Amino acid sequence: MDISTEINGAKLETCVFNASGPNDSTLEELETIGKSKSSAIMMKSCTLEAREGNPEPRYRDLEHGSINSMGLPNLGYKKYVEFASALKKYRKPIVASISGLTLHDNEIIIEAFNSSEADIIEFNPGSPNTIGKPITGYDFNYMDELLTAVMKKSKKPTGVKLPPYFDFVHFERMWNVLKKHKIAFITTINSIGNGLVIDAEKEEAVIKPKGGFGGIGGKYIKYTALANVRKFYQLSEGKVPIIGAGGVYNGIDAFEYILAGATAVQIGTAFIQHGAGIFEKVQNELRQYMHKKGYEKPEDFRGRLKEL
Ligand code: RRO
């Protein structure tokens, strides 16, 4: 059963790989992803300078997902440019995730990755956790400005990772910005920003940064993520590859994403909770479910969700 896919010329052996964020900051962690069945090696979002990130505790597993306020801890973009060369031996696409704190930072980082071994760039303006900064993806005018600069500089296929939207007006406003630029793909969604998890017994928040506010991931967010995949698939008329992320734990989750219109899916929280074996598990379950349904390849059902 062939579940391979292609994102702007980059060939992926399967349509399942890791999301940016979990366990992808150090070379050792990235090597683990390289050795796993993840069909690409996605790296942690990087900034100009290395960052320690927010004070701990800043991540917590929850019954059906996670909350995090990591605060963009990363080794600085130069390390990820180096890592891209070191990871080439795994012979799968390497994805750089870029989260510069200013427009100019993003330009510098993009330029560095232009002459790197990274195959694809995922521009991430959607983090909910950088203290003192709003979620850029909710500022439509600034997004336009940022994308103009980023797309002009980039010589590699460059997509954008979006925060979740909840209103049809906002999907349309974002799409009206995206369609002006040569976006290679859309990844949706980042964690749902600024949730609050409370430990009732202790009468306290479970993470320290921002008074306990953090991005929610995992099963809690799958329905919002599916809706975002569906909307951007429809708005782009199936012409822009959509990469779905949010609560993929099994093959049926992946199947649902493809039915909604996704070209590939990323795994974040479930990778933290179940380890690197999750990629193969989801791939095998997806193949089995497709077989049961009589499908031979994702194109047989991509986007073909029935409406009642
Ligand atoms: O590092 C983080 O706190 C973080 C980032 Br950059 C992101 O894009 N999404 C998220 O949930 N956490």
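## Salt bridges and a nonpolar surface patch

At 42% relative accessibility, L196 counts as partly exposed. The model it belongs to is a predicted one. L196 sits in strand 11, which covers residues 192-196. Together with I198 and F213, L196 makes up a nonpolar patch on the surface. The three residues share about 280 Å² of accessible area.

**Charged pairs**

Side chains of opposite charge can pair when their charged atoms come close. How many salt bridges does the model hold? The count is 13. Three of the pairs are set out below, with N to O distances and relative accessible areas.

| Pair | N to O distance | Acidic residue | Basic residue |
|---|---|---|---|
| E111 and K153 | 3.3 Å | E111, 43% | K153, 29% |
| D253 and K222 | 2.8 Å | D253, 7% | K222, 9% |
| E299 and R302 | 3.4 Å | E299, 38% | R302, 16% |

**E111 and K153**

The side chains of E111 and K153 form a salt bridge, at 3.3 Å from N to O. E111 belongs to helix 3 (residues 103-114) and K153 to helix 4 (residues 140-153), so the bridge ties together parts 42 residues apart in sequence. Is E111 buried or partly exposed? E111 is partly exposed, at 43% relative accessibility. K153 is partly exposed as well, with a relative accessible area of 29%.

**D253 and K222**

D253 and K222 meet through their side chains in a salt bridge of 2.8 Å, N to O. This pair links distant parts of the chain. D253 is in helix 7 (residues 251-260), while K222 is in helix 6 (residues 222-235). The two residues are 31 apart. Are they buried or exposed? D253 is buried, at 7% relative accessibility. K222 is buried too, with a relative accessible area of 9%. The cut-off for buried is under 20%, so both residues fall below it.

**E299 and R302**

A salt bridge also joins the side chains of E299 and R302, at 3.4 Å from N to O. Here the partners fall into separate classes. E299 is partly exposed, with a relative accessible area of 38%. R302 is buried, at 16%.

**A linked group**

Which residues are linked with K88 in a network of salt bridges? They are E117 and D119.

Notes: Residues are numbered from 1 along each chain as its sequence is written. This is a predicted model: local features need pLDDT of at least 70, side-chain atom pairs count only at pLDDT 80 or more; totals for chains, interfaces and linings use all residues. Side-chain values use heavy atoms; hydrogens and water are left out. A salt bridge is a side-chain nitrogen of Lys or Arg within 4 Å of a carboxyl oxygen of Asp or Glu. Helices (H or I, at least four residues) and strands (E, at least two) are DSSP runs, numbered from the N terminus. Buried means under 20% relative accessible area, exposed over 50%, partly exposed in between (1.4 Å probe, protein chains only). Patches are made of residues with over 30% relative accessible area and no salt bridge: like charges are joined within 9 Å, nonpolar side chains (Val, Leu, Ile, Met, Phe, Trp, Tyr) within 5 Å. Accessible areas come from the Shrake-Rupley method with a 1.4 Å probe; for residues, only the protein chains shown count as cover.
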